[in-house]
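Trainee: I'd like to take a close look at a single spot in this model, and then place it within the rest of the structure. Could you walk me through it?

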Number of protein chains: 2
Amino acid sequence: MPTGKPAVPSVWARQRHKREQPALSQDRIVAEAVRLLDEEGIEALSMRSLGTRLGAGATSLYRHVASKDELIELVVDEVYGEMEVPDGSGAPWRESVTACAGSLRAMILRHPWVASVLGQVGLAELGPNLTRQSERMLALFHRAGFPAGEADRAMSTVIAYVIGMTVSEAAYLSMLARSGQSEQELAEGLRRIAEETVRDLPLLREGYDQRAGEDPSRLRDEGFAYGLERFLDGLQVRLDALGSHR
Amino acid sequence: MPTGKPAVPSVWARQRHKREQPALSQDRIVAEAVRLLDEEGIEALSMRSLGTRLGAGATSLYRHVASKDELIELVVDEVYGEMEVPDGSGAPWRESVTACAGSLRAMILRHPWVASVLGQVGLAELGPNLTRQSERMLALFHRAGFPAGEADRAMSTVIAYVIGMTVSEAAYLSMLARSGQSEQELAEGLRRIAEETVRDLPLLREGYDQRAGEDPSRLRDEGFAYGLERFLDGLQVRLDALGSHR
DNA sequence: TCACCATAGCGCACGGTGTACGCATCGGCG
DNA sequence: CGCCGATGCGTACACCGTGCGCTATGGTGA
């Protein structure tokens with residue numbers, strides 16, 4: 001056998017293997033990965049850095065996880081588990097859906113790295129947590145009065161809105177963090193660049209002036225709520241139409 | 001100077017530099033990057049591979065582009081330029097916005113790699129093309145009757161929906177392409193996995209059964225249109241309320 | 001008690017990545 | 001003609017994901 005030098009047959013081996021920690025496991029790996037991502041962001045996640053945090057070598061992780069891509073799928077499904085989907089009994093459907101949307105948004109803002117991997121993992125292939133949440137959320141729309149063939153469309157629509165909106169918020173916030181500037185300065189800078197490169201942007205400028213001086217974080221919350229309300233209004237219109245046809 | 005060995009002072013140098021192609025330039029680099037991404041996807045884009053396609057060394061690109069990240073921003077802004085935003089004079093606002101949304105969706109499906117970088121580049125920091133398109137699109141909402149402080153919210157809302165919806169479509173399609181299965185088989189497989197891991201998913205199953213046998217591509221188009229219609233209905237409700245207050 | 005074996009962790013190595021740096025060469029200007 | 005800024009290139013570095021074969025471990029059946 002021409003490959004590999006024998007590893008050191010040292011007396012330390014015993015100690016290395018007898019760890020006080022509950023040993024490596026997929027759960028532990030995923031949990032630590034979430035922590036690493038929250039603390040240092042997506043570009044800090046490497047098999048080596050994760051292994052180090054777990055007191056293990058990089059390649060040891062592969063006993064519990066097929067690849068980095070699979071790890072990311074697991075990690076994303078893990079945080080989907082944090083979403084809270086009310087069971088909707090008793091409360092009006094708008095309230096339940098609003099709570100649910102807010103919870104999804106809060107989860108993404110709590111774990112902004114989700115934004116940068118969503119395009120890769122998609123939504124379909126995700127694990128048990130997302131599946132469970134979808135089933136529960138679907139129940140909200142059924143209860144609201146959408147027929148079977150339409151409830152899933154209504155649901156995807158709302159999820160798409162929440163994700164699209166929040167991902168762009170998260171990306172903006174991460175740019176803000178990277179830039180090291182205050183939100184004020186950053187917004188000013190972006191506006192200046194836009195006006196220099198394009199020139200003559202009366203409408204964008206009008207919006208900017210109107211927002212100047214307001215609390216940006218509150219503006220984001222309100223913007224999110226505004227769109228969601230419009231959306232729910234539209235769904236209500238549809239529900240009314242369905243009801244009157246019957 | 002202790003660094004570097006002198007490069008070969010060869011007679012070929014002259015030929016290397018006298019290229020029939022119009023030399024390297026940022027435009028040429030960005031255009032070729034788009035082509036590479038369309039043909040081979042995001043993971044095939046490396047500075048080396050792109051350099052090769054341009055008949056240049058990897059590091060030569062850095063004379064025209066600050067980093068790979070900047071290249072990606074440029075590339076994304078480039079494809080935003082493909083969007084068609086009607087100027088809205090004459091047509092009802094719903095039609096204009098629908099056309100606009102459809103054009104954005106078509107652009108992303110034409111360049112599915114956009115989905116996998118949107119979380120990184122966000123929407124705010126983007127270049128002249130996105131800025132111009134935003135201004136034009138904003139005009140549609142002004143014309144529809146939204147006041148200055150609300151038109152931009154309505155616009156972001158619609159964009160968020162379109163992007164969220166289309167990114168998840170694109171991710172699904174890329175999974176489909178990678179899997180090598182037929183869409184039928186893939187859907188079946190996903191459903192089986194979901195039911196095995198979670199069990200008891202009556203609502204999701206109901207939706208699945210209802211969709212079985214339909215043309216998946218048409219279903220996607222319809223799903224997108226359905227959500228957009230609900231959205232526009234909601235915006236119309238808001239417009240009516242604004243009108244009656246006046 | 002012993003031999004055995006599946007499992008888990010590790011070290012090494014490979015091919016690939018983004019990019020800093022300094023040199024070679026070019027075209028255009030004085 | 002002599003120079004100089006702009007442009008391309010080769011080399012090198014640190015880092016990445018991960019395949020491979022080794023070893024130590026703890027449980028099982030004889």
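Mentor: Happy to! Let's start at A:R199, which sits in the loop between α9 (183-197) and α10 (202-211) of chain A. Please keep in mind throughout that this is a predicted model. What draws the eye to A:R199 is its backbone: phi is positive, at about 65°, although the residue is not a glycine. As background, most residues other than glycine have a negative phi. The relative accessible area of A:R199 is 61%, and because exposed means over 50%, this arginine counts as exposed.

Now turn to the other chain. B:R199 lies in the loop between α9 (183-197) and α10 (202-211) of chain B. Its phi is positive too, about 65°, and again the residue is not a glycine. With a relative accessible area of 59%, B:R199 is exposed.

That pairing leads us to how the chains are related. Chain A can be laid on chain B by a turn of 180° with a shift of 0.0 Å along the axis, and the RMSD is 0.0 Å. The two copies are therefore related as by a two-fold rotation axis. The same surface serves both of them, since 100% of the contact residues of chain A recur in chain B.

With the symmetry in hand, here is the framework that carries the loop. Chain A has 11 helices and 0 strands, so read along the sequence its pattern is simply α-α-α-α-α-α-α-α-α-α-α. Of the 246 residues in chain A, 45% are buried. Among contacts in chain A between residues at least 6 apart in sequence, 67% join residues at least 24 apart.

For a contrast with the exposed arginine, look at another one, A:R220, in helix α11 (residues 216-245) of chain A. A:R220 has a relative accessibility of 19%; the limit for buried is under 20%, so A:R220 counts as buried. Setting aside residues up to four places away in sequence, A:R220 touches A:R105, A:E169, A:Y172, A:L173 and A:E183.

Staying with α11 but moving to chain B, we meet B:L228, which is found in helix α11 (residues 216-245) of that chain. B:L228 is buried, at 2% relative accessibility. Leaving aside neighbours within four places in sequence, B:L228 is in contact with B:T98, B:A101, B:V158 and B:Y161. The C-alpha atoms of B:L228 and B:V97 are 9.5 Å apart, while their positions lie 131 residues apart along the chain as a separation in sequence.

Another buried spot is A:I29, in helix α2 of chain A. A:I29 has 1% relative accessibility and counts as buried. Not counting residues up to four places away in sequence, A:I29 touches A:L24, A:L50, A:L54, A:L61, A:H64 and A:L71. The C-alpha atoms of A:I29 and A:V65, 36 residues apart along the chain, are separated by 8.6 Å. There is a record to add here: an unreviewed UniProt entry lists residues 46-65 of chain A as "DNA-binding region". Over residues 46-65 of chain A the chain is 35% helix and 0% strand, with the end C-alpha atoms 13 Å apart.

Next comes helix α6 (residues 113-121) of chain A. Of its 9 residues 8 are buried, so α6 is largely enclosed by the rest of the structure. Those buried residues are A:W113, A:V114, A:A115, A:S116, A:V117, A:L118, A:G119 and A:V121. Both chains help to cover them: the cover includes α2 (26-40), α4 (68-80) and α8 (148-179) of chain A together with α6 (113-121) and α8 of chain B.

Finally, the enclosed spaces. There are 2 cavities of 30 Å³ or more, and the second largest has a volume of about 60 Å³. The lining of that second largest cavity consists of B:Y80, B:M83, B:L104, B:L130, B:Q133, B:S134, B:M137, B:M155, B:I159 and B:I163. The elements giving two or more residues to this lining are α7 (128-144) and α8 (148-179) of chain B, and α7(B) gives the largest share, 4 residues. By type, the lining divides into 8 nonpolar residues, 2 polar and no charged.

Note on methods: Residues numbered from 1 in each chain as written. Chains lettered and ligands numbered in written order. Predicted model: local features only at pLDDT ≥ 70, side-chain atom pairs only at ≥ 80, totals over all residues. Heavy atoms only, no water. 1 Å grid on protein atoms, 1.4 Å probe; cavity = no way out; pocket = protein on both sides within 12 Å on 5 of 7 lines; lining within 4 Å. Points joined across faces, edges and corners; volume = space filled by probe spheres on them. Nonpolar A, V, L, I, M, F, W, Y, C, P; charged D, E, K, R; others polar. Least-squares fit on C-alpha atoms with pLDDT ≥ 70 in both. Contact = heavy atoms within 4.5 Å. Buried < 20%, exposed > 50% of the residue type's maximum accessible area, 1.4 Å probe, protein only. UniProt positions renumbered as here; feature names shortened; annotations may be inferred.
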